[in-house]
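Visitor: I'm new to this one. Could you walk me through how to read it, feature by feature?

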Amino acid sequence: MPRLFTGLEIPEDVAFDLFLMQGGVSGARWIDRESYHITLRFIGDIDEGLAREISYELEGVEAKPFRLRLSGCGVFGGKKPHALFAGVEESAELRRLQAIHERICQLLGLPPEARKFAPHVTLARLKDPDLRALHGFLASHSLYRSRAFEVARFVLFSSRPSRGGGPYAVEESYQLQAGL
């Protein structure tokens, strides 16, 4: 039974910039730069038949390539932070693509995604982090902005069940079409 999600890959040079930020926060388990991505829709553990149906439906997605930029850093978890991330600048095209993926999953019988879509790239998982160091990290990277990069495809990723996910494998990729 595969564990699947759809997402966007991060260009190597942008991933390298994120990788260079690592360090200085005890309690942080830093993500390998090969695993950086922006999740569009977590699908979960599903049977092979449904996985084939989802893959088939994703082939029919109609969307144009668009540009994205990462911006700033933040944490999920409020007073008990559990993840450190790089943010994504607002993008109508990204939200539209995510909504298409959500609609496909629901039409195929998956429950609606419970969490509001908050596009990001996870940099580290946190377990009882040093809050002073974490706040320092956030302050020193609050003005981070990646170069703008072209999103020309999305992918269907799989992962093995493990703490914090990864390593991820690209099962299928789907080109966005400029002529739409």
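Guide: Happy to. Keep in mind that this is a predicted model. Let's begin with a contact between charged side chains: Arg3 and Asp45 meet in a salt bridge, with 2.9 Å from N to O.

Visitor: Where in the chain do Arg3 and Asp45 sit?

Guide: Arg3 belongs to strand 1 and Asp45 to strand 3, so the pair links distant parts of the chain, 42 residues apart.

Visitor: How many salt bridges turn up in the whole structure?

Guide: A search finds 9.

Visitor: Now the sheet. In what order do the strands of the open sheet come?

Guide: Read across it and you get 3-1-9-10, four strands with antiparallel pairing. Strand 3 (37-45) and strand 10 are at the edges; each has a single partner strand, so one side of each has no neighbour in the sheet. From one strand to the next, the twist averages 25 degrees.

Visitor: And what about side chains along a strand?

Guide: As a general idea, side chains in a regular strand alternate between the two faces of the sheet.

Visitor: How many bridges pair strand 9 with strand 10?

Guide: There are 7, in the antiparallel sense, with strand 9 covering residues 153-159. For one pair to look up, take Ser158, whose bridge partner in strand 10 is Ala169.

Visitor: Which strands does helix 2 lie across?

Guide: Helix 2 (residues 48-59) lies across strand 1 (3-9), strand 3, strand 9 and strand 10, and runs at about 35 degrees to strand 10. Helix 3 (residues 92-107) packs on the sheet too, where it touches strand 1, strand 3 and strand 9. The direction of helix 3 makes about 5 degrees with that of strand 3.

Visitor: What do strand 5 and strand 6 form?

Guide: A hairpin, with 6 residues between the two strands. Strand 5 (residues 70-76) and strand 6 (residues 83-88) run antiparallel and are joined by 5 bridges. Phe76 stands opposite Ala83 of strand 6. In the turn, look for Gly77, which has a positive phi of about 120 degrees.

Visitor: Last stop, pockets. How much space lies in the second largest pocket?

Guide: About 220 Å³. Its lining includes Glu9, Arg33, Tyr36, Phe157 and Tyr168. Helix 1 (12-20) and strand 10 (168-175) are the elements that give two or more residues to that lining.

Visitor: How do the lining residues of that pocket divide into nonpolar, polar and charged?

Guide: The split is 6 nonpolar, 1 polar and 4 charged.

Terms used
Residues numbered from 1 in each chain as written. Predicted model: local features only at pLDDT ≥ 70, side-chain atom pairs only at ≥ 80, totals over all residues. Heavy atoms only, no water. 1 Å grid on protein atoms, 1.4 Å probe; cavity = no way out; pocket = protein on both sides within 12 Å on 5 of 7 lines; lining within 4 Å. Points joined across faces, edges and corners; volume = space filled by probe spheres on them. Nonpolar A, V, L, I, M, F, W, Y, C, P; charged D, E, K, R; others polar. Pairing = 2+ DSSP bridges. Axes fitted to C-alpha atoms, helices over the stretch in contact; angles between N-to-C directions. Contact = heavy atoms within 4.5 Å. Salt bridge = Lys/Arg side-chain N within 4 Å of Asp/Glu carboxyl O.
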